[in-house]
Amino acid sequence: MEAKTKDLWVFVETNEDGSAKNVGIELLTPGKMMAEKQGGTLTAVVIGHHTDAAVHAVATHGAARILVVDGPEYAHYTTDAYTIALCALVEKYGPTSMLIGATNKGRDLGPRVSCRLKGGLTADCTALDIDPDDGKVAWTRPAFGGNLMATIKCPNNFPQIGTVRPGVFKKCEETEASAEVIREEIHVDAKDIRTQVLEVIRDMNEEKVDLEGAEIIVSGGRGVGGPDGFAPIRELAAALGATVGASRAAVDSGWISHAHQVGQTGKTVGPKLYIACGISGAIQHLAGMSGADTIVAVNRDPEAPIFDVADYGIVGDLFEALPVLTEEIRRARA
Amino acid sequence: MNILVCVKQVPDTTEIRIDPVKNTLIREGVPSIVNPFDGYALEAAARIRDKHPDTRIVVVSMGPEQAKNALKECLAIAADQAYLVSGREFGGSDTLATSYILSETIREIERREGPFDAIFCGKQAIDGDTAQVGPEIAEHLDYPQVTYGLEAELDGETLQVKKETEDGAEIVAVRMPCLVTFTKPAWDPRFPTIKRKMAANRAQIPTLSPADLAGIDLTRCGLNGSPTKVKKTFVPQKKSGGVKLQEETAADSARKLYGLLSDAGLV
């Protein structure tokens with residue numbers, strides 16, 4: 001059975017303040033290319049509460065049509081409410097394919113929605129294209145901890161859905177808004193929402209750790225030697241406006257909280273610049289950060305595997321190198 | 001409280017090597033382990049039982065006969081009973097088909113063991129990395145779900161789950177029966193005791209075949225029941241030609257690096 005339309009949808013996740021998450025805007029870039037190849041309309045789906053900022057951001061980044069579901073029940077993400085709303089929209093409009101950002105929420109929502117619609121879902125994609133032979137989406141994703149890439153097709157079920165890693169695609173240039181905005185009244189009864197957030201705990205030292213959305217990440221590993229060893233890493237991160245990451249070795253040693261962990265049992269990141277300090281580059285760590293545009297490694301061991309993936313490397317002591325690098329950056333920005 | 005933990009036997013991805021000639025994964029000699037995230041789910045169940053000793057923990061795995069080794073390990077660590085579900089008809093299942101088979105298996109185990117209050121899963125398996133099977137089982141069973149769980153506590157008719165978020169954590173109350181997927185908590189899972197290990201080695205693990213799953217629709221299983229198809233696999237290209245700096249001092253290297261990054265417009 002074919003889909004009702006050839007439209008490509010991008011699900012745009014909203015923040016609690018109603019603004020759009022970066023990844024939703026990023027996905028409009030491949031979405032436009034795919035919609036053109038499939039001959040459909042690039043449609044953004046915005047679900048949330050007080051979503052004007054998100055709708056504006058989407059409208060000025062390439063969406064031709066925007067479906068908006070706004071209501072107090074969507075202010076805080078719940079699997080139940082968002083699944084009901086998104087499935088209702090799909091059933092009404094019948095898109096051929098849908099992109100969802102592979103954030104924690106996106107990876108919570110994607111399988112729930114695709115399973116309810118009996119569709120196919122490909123997780124955590126890092127490349128997207130349309131197969132010229134049949135016009136279906138070719139979803140490419142890493143498996144086996146990044147050791148293997150697989151290209152997946154979903155030839156007979158609709159919509160074809162994929163979650164896509166943040167940071168893989170770049171936002172397009174801002175343009176004048178010309179999107180058609182359609183508001184749908186979909187409301188969910190409180191009794192149908194079976195989870196309730198009782199308490200929100202920010203990271204312990206009040207520091208926001210948005211690794212997935214970060215443009216620059218400075219990470220420390222075993223080579224930093226202890227909790228105090230993160231000081232030069234934090235300094236460099238502060239100078240760059242970067243987020244602090246860590247390898248599993250540093251987290252397991254208790255030097256920094258798990259929220260900072262990059263790698264297979266931590267976060268998967270795709271920043272423009274990743275600076276790995278005192279990180280040897282175990283395959284599990286590489287699995288989490290090899291999607292970075294540019295990788296810089298600082299390590300005393302010239303044989304460390306991190307140098308195999310690094311664009312720039314310093315063979316030397318991070319405690320000597322980082323303060324100098326921080327100083328240079330501060331001076332240039334002063 | 002009755003808890004079912006879903007586990008998968010996976011190749012230890014840290015041991016996987018690439019055949020440099022054929023450019024394929026070398027799977028021979030790679031040890032099989034219990035998927036680490038499933039180990040965290042089992043530990044979360046064991047911690048509930050530490051506080052509520054009348055808790056019963058059942059583990060289930062879908063896979064070949066050899067996956068019983070993973071189930072025995074779970075019995076040695078914390079589980080009271082294990083089931084394997086296995087069948088040629090299930091081969092080649094994607095996440096939708098796998099979650100359907102597991103949901104039908106859960107119904108069959110419930111006929112034997114009584115209803116479960118909670119299904120615990122790892123957030124994802126380290127070979128496929130999809131994180132889809134847990135939420136899809138929840139959908140098949142029409143249970144509420146909480147993903148990225150760190151720990152769970154029983155609170156009357158609800159479960160209170162501490163879950164990881166992008167900027168910290170949340171405490172979420174979820175009505176039971178429910179499904180929770182677990183990520184890595186701040187602690188390491190417990191080790192098996194010698195006594196439990198010996199008992200696990202002697203344990204009889206029933207194998208459920210498609211014939212044991214009353215009412216299962218085999219057209220929804222295996223390759224034919226899977227909407228997604230793997231079109232090709234390939235080994236990612238390694239980056240090459242990186243610049244390695246090793247000046248007289250690390251400070252000199254850092255100055256040079258700053259120059260390169262600045263020229264490239266990166267800082």
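Two residues are in contact if their C-beta atoms, placed from the backbone, lie within 7 Å. By that test, eight residues of domain 1 of chain A are in contact with eleven residues of domain 2 of chain A. The model is predicted.

**Domains**

Both chains carry a two-domain assignment. The table lists the bounds and the separation of the C-alpha centres.

| Chain | Domain 1 | Domain 2 | Separation of centres |
|---|---|---|---|
| Chain A | residues 8–192 | residues 216–333 | 32 Å |
| Chain B | residues 2–220 | residues 237–267 | 45 Å |

**Chain B overall**

Chain B contains six helices and 15 strands. Its C-alpha atoms fill a box of roughly 70 × 45 × 40 Å along the principal axes. Of the 267 residues in chain B, 47% are buried. Among contacts in chain B with a separation of 6 or more, 69% join residues 24 or more positions apart.

**The ten-strand sheet**

An open sheet of ten strands runs β11(A)-β11(B)-β10(B)-β9(B)-β12(B)-β8(B)-β1(B)-β6(B)-β7(B)-β13(B). Its pairing is mixed. The edges are β11 (195–202) of chain A and β13 of chain B, and each pairs on one side only.

At the β13(B) edge, strand β7 (residues 81–85) of chain B pairs with β13(B) in the parallel sense. Two bridges make that pairing. B:Leu84 has B:Thr207 as its bridge partner in β13(B).

Two helices of chain B pack on these strands. Helix α1 (residues 36–51) touches β1 (2–7), β6 (56–62), β8 (118–122), β9 and β12 (178–182) of chain B. The direction of α1 makes about 145 degrees with that of β8(B). Helix α3(B) lies across β1, β6, β7, β8 and β13 of chain B. α3(B) runs at about 140 degrees to β6(B).

**B:Ala203, beside β13(B)**

B:Ala203 sits in the loop between α5 (194–202) and β13 (207–208) of chain B. Is B:Ala203 exposed, partly exposed or buried? B:Ala203 has 16 other C-beta atoms within 10 Å, so it counts as partly exposed. The cut-offs are 20 or more for buried and 12 or fewer for exposed.

Beyond neighbours within four places in sequence, B:Ala203 is in contact with B:Lys72, B:Leu75 and B:Ala82. B:Ala82 lies 121 residues away along the chain, yet its C-alpha atom is separated from that of B:Ala203 by 8.8 Å.

**The four-strand sheet**

A second open sheet also draws on both chains. Its four strands follow the order β6(A)-β7(A)-β8(A)-β14(B), with antiparallel pairing. β6 (127–130) of chain A and β14 (229–234) of chain B stand at the edges with a single partner strand each, so one side of each is left without a neighbour in the sheet. Neighbouring strands here are turned by 25 degrees against each other on average, direction ignored.

Four bridges join β6(A) to strand β7 (residues 137–143) of chain A, and the two run antiparallel. A:Ile130 has A:Val137 as its bridge partner in β7(A). Helix α2 (residues 28–38) of chain A lies across β6 and β7 of chain A. α2 runs at about 15 degrees to β6(A).

**The interface**

The contact between the chains takes 69 residues from chain B and 72 residues from chain A. On the chain B side, elements that each supply at least two residues include α3 (95–113), α4 (133–141), β9 (145–155), β10 (158–165) and β11 (168–175). β14, β15 and α6 of chain B also each supply at least two. Which element gives the largest share of this side of chain B? That element is α6(B), with ten residues.

**Helix α6(B)**

Helix α6 (residues 250–263) of chain B has 14 residues. The helix reaches 20 Å from first C-alpha to last, close to the 20 Å expected at 1.5 Å a residue.

Its buried residues are B:Ala250, B:Ser253, B:Ala254, B:Leu257 and B:Leu261. Seen down the axis of α6(B), these fall within an arc of 100 degrees, so they line one face of the helix. B:Gly259 and B:Asp263 are exposed on the other side.

What do the buried residues of α6(B) pack against? From chain A, the partners are β16 (312–315) and α10 (318–333). From chain B, the partner is β15 (243–245). After α6(B) comes B:Gly265, whose phi is positive, near 70 degrees.

Methods
Residues numbered from 1 in each chain as written. Chains lettered and ligands numbered in written order. Predicted model: local features only at pLDDT ≥ 70, side-chain atom pairs only at ≥ 80, totals over all residues. Domains from an automatic or database assignment. Expected span 1.5 Å × (residues − 1). Arc of directions from axis to C-beta. Pairing = 2+ DSSP bridges. Axes fitted to C-alpha atoms, helices over the stretch in contact; angles between N-to-C directions.
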